[in-house]
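Visitor: I've got a model open and I'd like to learn how to read it. Could you walk me through it, feature by feature?

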Amino acid sequence: STSFGIDKALEQLELKDINYGTSTGSNWMPGTDQLSSYSPVDGELIGKVTTTTKEEYEQVMKAATDAFTSWRVMPAPKRGEIVRQFGEELRRLKEPLGKLVSYEMGKSYQEGLGEVQEMIDICDFAVGLSRQLHGLTMHSEREGHRMYEQYHPLGVVGIISAFNFPVAVWSWNTALAWICGDVTVWKPSEKTPLCGVACQKIAARVFAENGLPEGISCLINGDYRVGEFMTKDKRVPLVSATGSTRMGKIVAATVAERLGRSLLELGGNNAIIVTPDADIKMTIIGAVFGAVGTCGQRCTSTRRLIIHEDIYDQVKKAVVDAYGQLRIGNPLDQNNHVGPLIDTDAVAMYNQALSKVVEEGGKLVVEGGVLQGQGYESGCYVKPAIAEASNSFEIVQHETFAPVLYLIKYSGDVTNAIDIQNGVVQGLSSAIMTNNLREAERFLSHAGSDCGIANVNIGTSGAEIGGAFGGEKETGGGRESGSDAWKIYMRRQTNTINYTTDLPLAQGIKFDL
Ligand code: NAD
């Protein structure tokens with residue numbers, strides 16, 4: 001682990017000593033059990049983090065609910081100033097944090113840096129937003145009355161995140177929640193706990209330097225059982241959960257049981273439609289990066305290419321050739337394109353998907369396989385694979401979190417391709433490659449893509465901070481990040497003020513005393 005400057009990065013992030021996994025800011029709690037974090041890059045133990053006990057969780061909730069009473073009355077632009085300082089710290093620590101993301105999660109160093117850049121971008125966005133958070137005014141039906149709506153802080157926001165974006169998803173939620181006047185409690189994925197500790201240390205330092213109380217940013221650690229502390233807790237009005245659809249269904253039901261709010265960012269099954277009017281060169285770059293980037297472990301990874309029959313053979317050949325160029329290996333080595341899967345369980349799922357697609361009648365045009373030998377000791381490195389398949393296959397309907405790309409042929413009009421694209425239970429990201437205006441507009445129309453993200457001449461992955469991010473159907477319906485996604489972190493209030501000496505009732509009702 002000393003290679004590629006990992007030791008230095010851990011030092012800069014203050015992760016060298018024993019790491020406690022539960023924190024209200026400067027206060028770190030000892031816990032009892034520990035989670036071990038092994039790197040998928042080389043299989044080495046990176047560190048251990050304590051898991052949160054129920055008693056510690058109660059201490060966290062006490063600190064968080066206490067902090068909320070002062071944080072919510074601080075003017076929003078002042079809260080924005082704290083987020084600005086946090087963004088500055090992220091700029092300073094971009095390289096070590098990007099490196100840790102790469103080493104603990106397995107994505108390429110470039111993608112690790114990109115993830116930290118997303119954190120910086122959302123901070124910038126939130127700082128500007130802290131001077132807005134605007135409601136509306138509307139006209140009252142009563143004379144001498146004024147009516148408007150405003151947004152108030154909500155309370156404790158619980159954040160449950162997935163392993164594949166171990167730092168960015170937290171910041172998408174926290175940067176907005178903090179400027180909105182909320183306090184946050186984060187449970188990172190049990191597969192990437194050190195990324196959680198590193199981020200919490202950075203945030204805690206900024207809050208402490210500004211003399212702010214414990215509890216505005218809290219961290220808890222452990223598996224789903226620790227997540228359940230929050231989903232079942234009435235003191236947590238909003239739970240923002242990112243992960244599998246399986247998890248989202250359980251979290252949604254648990255939070256709904258107590259009529260809490262949930263913001264769900266779940267699995268995708270993203271497709272690129274390639275029409276006869278597509279620019280093939282652009283298509284190949286978008287499709288290959290989309291399918292193999294982060295080793296196919298992005299929620300927006302390209303899983304299906306829906307190709308018109310007239311250009312099917314040409315596109316197939318170009319994609320297969322491009323796969324021949326891919327270099328698989330240590331993601332910290334910038335010569336490699338593809339790093340490892342997160343763990344050997346993920347490798348097993350990948351192998352199952354390859355067997356299943358063949359069983360269902362598919363044909364592998366780029367064979368997969370697990371890599372062995374020097375540099376691949378962790379057992380997590382696999383070859384990106386391509387299979388010709390039908391959209392109706394059970395395995396194609398399912399999100400396999402690995403680099404397996406399905407080629408699907410369509411004929412006739414683009415509407416047939418759109419039907420195939422929409423013919424899955426997930427609804428996160430979608431794209432069309434075409435220079436034909438009619439096809440592009442059809443794809444974006446009311447009768448077009450049913451996904452939360454629909455792109456033209458761009459692949460399915462790599463969303464920007466400024467737009468709202470999320471998806472429909474079994475992707476969960478939540479929206480995070482840009483546009484008006486901040487509204488879910490606040491409660492809306494309608495206010496009517498009477499500045500007359502009469503008390504006219506609404507709807508003209510007479511009530512004479
Ligand atoms: P996962 O569902 O296994 O775990 C996600 C998180 O949920 C973890 O922190 C886990 O501990 C927690 N969790 C699991 N069950 C829980 C329960 N019953 N109660 C409370 N918490 C619980 O997902 P993963 O393997 O870490 O991540 C991969 C999945 O995440 C993929 O499906 C991917 O598409 C999805 N994802 C979606 C988005 C998005 O924005 N839509 C972003 C990233 C990842």
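Visitor: Let's start with helix pairs. In which hand does α14 pass α15?
Guide: Keep in mind that this is a predicted model. Here α14 passes α15 in a right-handed crossing. To locate the pair, look at residues 414-422 for α14 and residues 437-444 for α15; their axes come within 10 Å and cross at roughly 30°.

Visitor: And how are α14 and α15 oriented to each other, parallel or antiparallel?
Guide: Angles under 35 degrees count as roughly parallel. The two helices cross at roughly 30°, so α14 and α15 are roughly parallel to each other.

Visitor: What angle do α10 and α11 make?
Guide: About 50°, with the axes 10 Å apart. Helix α10 spans residues 280-292, and helix α11 spans residues 312-324. That angle makes them oblique to each other, therefore neither parallel nor perpendicular in the rough sense. As for the hand, α10 passes α11 in a right-handed crossing.

Visitor: Now α3 and α5: at what angle do they pack?
Guide: Helix α3 (residues 76-92) and helix α5 (residues 109-129) pack at about 160°, and their axes are 9 Å apart. Angles over 145 degrees count as roughly antiparallel, so that is how α3 lies relative to α5. Their crossing is left-handed.

Visitor: On to sheets. How do strands of a sheet pair?
Guide: Through backbone hydrogen bonds, in either a parallel or an antiparallel way. In this model, one open sheet has seven strands in the order β14-β15-β16-β13-β12-β18-β19, and its pairing is mixed. At the edges stand β14 and β19 (453-456); each has a single partner strand, so one side of each is left without a neighbour in the sheet. From one strand to the next, the twist averages 25°.

Visitor: Where in that sheet can I see antiparallel pairing?
Guide: Go to β14, residues 363-366, and β15, residues 385-388: they run antiparallel and are joined by three bridges. For a landmark, find K363, which stands opposite E388 in β15.

Visitor: And which strands pair in the parallel sense?
Guide: One such pair is β15 with β16 (residues 404-410), over four bridges. There, A387 has Y406 in β16 as its bridge partner. Another parallel pair is β12 (residues 270-274) with β13 (residues 302-308), over five bridges. In that pair, I272 is matched with L305 of β13.

Visitor: Which way do side chains point along a strand?
Guide: In a regular strand, they alternate between the two faces of the sheet. You can try following that along any of the strands you have on screen.

Visitor: What is the order of the three-stranded sheet?
Guide: That open sheet runs β5-β6-β23, with antiparallel pairing. Its edges are β5 (137-138) and β23 (490-498), each with a single partner strand, so one side of each lacks a neighbour in the sheet. Nine bridges join β6 (residues 145-153) to β23. Check H152 against R491, its bridge partner in β23.

Visitor: Let's turn to the ligand. How many residues surround the ligand?
Guide: There are 30, and the closest are A162, G227, G243, E265 and C299. By type, the shell divides into 12 nonpolar, 12 polar and six charged residues. When you look at contributions by element, α8 (224-231) and α9 (245-257) each supply at least two residues. Helix α8 gives the most, with four residues.

Visitor: Last one: what does the UniProt annotation cover?
Guide: The unreviewed UniProt entry carries the annotation "domain: Aldehyde dehydrogenase" for residues 29-494. In the model, that span is 39% helix and 20% strand, and its end C-alpha atoms lie 41 Å apart.

Conventions: Residues numbered from 1 in each chain as written. Predicted model: local features only at pLDDT ≥ 70, side-chain atom pairs only at ≥ 80, totals over all residues. Near = placed C-beta within 6 Å. Nonpolar A, V, L, I, M, F, W, Y, C, P; charged D, E, K, R; others polar. Pairing = 2+ DSSP bridges. UniProt positions renumbered as here; feature names shortened; annotations may be inferred. Axes fitted to C-alpha atoms, helices over the stretch in contact; angles between N-to-C directions. Parallel < 35°, antiparallel > 145°, perpendicular 65-115°, else oblique. Left-handed = near helix turned anticlockwise from the far one by under 90°.
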